[in-house]
Amino acid sequence: MGASSGIGLRVAEELASRGVMVGMAARHTAPMAELQKKYPETVVYESIDVTRTDAPRRMKNLITAMGGMDIYFHVAGIGYENLGLDPQREVDIIATNSAGFARMICCAYRYFRDNGLKGRIAAVTSVAGTNGIGRLSAYSASKKCAQTYLVALEQLANAENADVTFTDIRPGWIRTPLLRDDVAYPMEMTLDYAVPLIIKAIVRHPRVAVIDWRWNLLVGLWRLVPNFLWTKVDMEISKPDFSLPSPGKEPFPNTALENKEKREV
Ligand SMILES: NC(=O)c1ccc[n+]([C@@H]2O[C@H](COP(=O)([O-])OP(=O)(O)OC[C@H]3O[C@@H](n4cnc5c(N)ncnc54)[C@H](OP(=O)(O)O)[C@@H]3O)[C@@H](O)[C@H]2O)c1
């Protein structure tokens with residue numbers, strides 16, 4: 001889920017090229033249709049928007065087209081710095097990364113449980129879910145929600161004796177269309193480097209996999225910082241940094257890009 005771009009598209013391609021049956025889903029169908037043309041035997045796809053109520057029905061169709069499902073991999077998500085705290089942009093992130101996440105993960109879980117199947121659910125959340133990050137307020141909160149949802153479902157699976165295992169994959173920055181192409185992010189990784197690590201996590205299914213070891217060390221340190229200190233940190237996300245809007249200025253400058261353009265004028 002989220003297979004039309006970035007991490008999801010690359011994972012789908014890697015698996016399809018190895019003969020694994022792959023069901024791809026996202027809103028934009030062109031990249032998925034292209035991969036399907038390249039691997040007609042192993043790729044099927046369906047247009048799915050995780051924010052819509054018809055998404056579970058469409059996912060069911062996709063599972064049928066695949067002839068069943070062993071692993072559900074959820075990577076659909078959006079994210080950006082929203083320094084102006086535009087309310088709609090904050091809510092959009094929650095709608096996709098939290099509500100959309102719950103909508104699809106619970107369907108995958110029910111598919112395995114209700115059919116008495118052994119199944120795996122692997123989901124890409126983010127290191128941003130470790131603590132609240134000021135410049136990524138909605139994004140970091142949405143990822144924390146997703147991480148907690150996986151823990152909750154795992155507890156439910158144990159209580160219900162459902163044979164379902166969960167893997168929470170938490171990458172640091174990976175250069176994909178999710179990132180702004182005009183700025184640099186700390187400890188950025190390439191898809192060539194990160195995707196094999198992500199596939200390894202899907203296959204070996206540890207409970208949590210931080211991508212990569214440097215980010216694992218860093219978030220280990222973040223976890224030790226008490227809240228009263230954490231909230232004093234002015235954590236920059238990208239270089240060059242986009243200055244925070246100051247009081248008395250426009251209440252909701254829409255995007256960091258607009259801030260940058262204003263600075264440049
Ligand atoms: N890149 C990073 O640095 C990074 C770091 C940590 C975590 N992540 C997480 O990794 C995931 C994938 O990110 P990416 O970097 O590969 O970004 P990306 O290239 O922008 O890909 C995002 C994918 O999510 C899909 N998606 C977005 N909204 C959707 C919706 N409403 N319904 C269905 N699919 C939707 C997109 O497809 P459509 O637009 O076609 O629907 C696309 O396939 C995200 O959850 C992101 O938070 C990324």
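Colleague: What percentage of the 265 residues of the protein count as buried?

Modeller: Happy to start there, with the reminder that this is a predicted model. A residue counts as buried if 20 or more other C-beta atoms lie within 10 Å of its own. Of the 265 residues of the protein, the share that counts as buried is 36%.

Colleague: Thanks! What radius of gyration does the protein have?

Modeller: The C-alpha trace spans about 60 × 40 × 35 Å along its principal axes. For 265 residues, a compact globule would have a radius of gyration near 18 Å, and the protein agrees with that, at 19 Å.

Colleague: Among contacts between residues at least 6 apart in sequence, what percentage join residues at least 24 apart?

Modeller: The chain forms nine helices and six strands. Taking contacts between residues at least 6 apart in sequence, the portion that joins residues at least 24 apart is 62%.

Colleague: Now the interior. Which helix gives the largest share of the largest nonpolar core?

Modeller: In soluble globular proteins, nonpolar side chains tend to be buried together. Here the largest nonpolar core has 63 residues, and A12, M24 and I121 touch the most other members. The largest share of this core is eight residues, and they come from helix α4 (residues 87–114).

Colleague: Leaving aside neighbours within four places in sequence, which residues is A12 in contact with?

Modeller: A12 is one of the residues that touch the most other members of the core, and so is M24. M24 is also a contact of A12 itself once neighbours within four places in sequence are left aside. The full list of those contacts is A3, V22, M24 and L35.

Colleague: Is strand β1 mostly covered or open, and which of its residues are buried?

Modeller: In a regular strand the side chains alternate between the two faces of the sheet. In β1 (residues 22–26), five of five residues are buried, and the strand is mostly covered. Both faces are covered, with V22, M24 and A26 buried on one side, and on the other G23 and A25.

Colleague: And which residue of β2 is the bridge partner of M24?

Modeller: Strands β1 and β2 (residues 43–47) run parallel and are joined by five bridges. Four of the five residues of β2 are buried, so β2 is largely enclosed by the rest of the structure. G23 has V44 as its bridge partner, while for M24 the partner is Y45.

Colleague: Let's look at the ligand. Which helix gives the most residues to the shell around it?

Modeller: There are 30 residues around the ligand, with G2, G6, R27, G77 and L178 coming nearest. By class, the shell has 15 nonpolar, 13 polar and two charged residues. Helices α1 (6–17) and α4 each supply at least two shell residues. The helix that gives the most, with three residues, is α1.

Colleague: On to backbone geometry. Which two residues does a cis peptide bond join?

Modeller: Most residues other than glycine have a negative phi, and most peptide bonds are trans. The cis bond here has an omega of about 5°. D212, one of its residues, sits in the loop between β6 (208–211) and α7 (213–224). The pair joined is I211 and D212.

Colleague: Last one: is N161 buried or exposed?

Modeller: N161 lies in the loop between α5 (137–160) and β5 (164–171), and its phi is positive, near 55°. H205, in the loop between α6 (191–204) and β6, also has a positive phi, of about 40°. H205 has 16 other C-beta atoms within 10 Å and is partly exposed. With 7 C-beta neighbours inside 10 Å, N161 counts as exposed.

Methods
Residues numbered from 1 in each chain as written. Predicted model: local features only at pLDDT ≥ 70, side-chain atom pairs only at ≥ 80, totals over all residues. Core = buried A, V, L, I, M, F, W, Y, C linked by C-beta atoms within 7 Å. Buried ≥ 20, exposed ≤ 12 C-beta atoms within 10 Å, placed from the backbone. Contact = placed C-beta atoms within 7 Å. Rg over C-alpha atoms; globule rule 2.2 N^0.38 Å. Near = placed C-beta within 6 Å. Nonpolar A, V, L, I, M, F, W, Y, C, P; charged D, E, K, R; others polar. Pairing = 2+ DSSP bridges.
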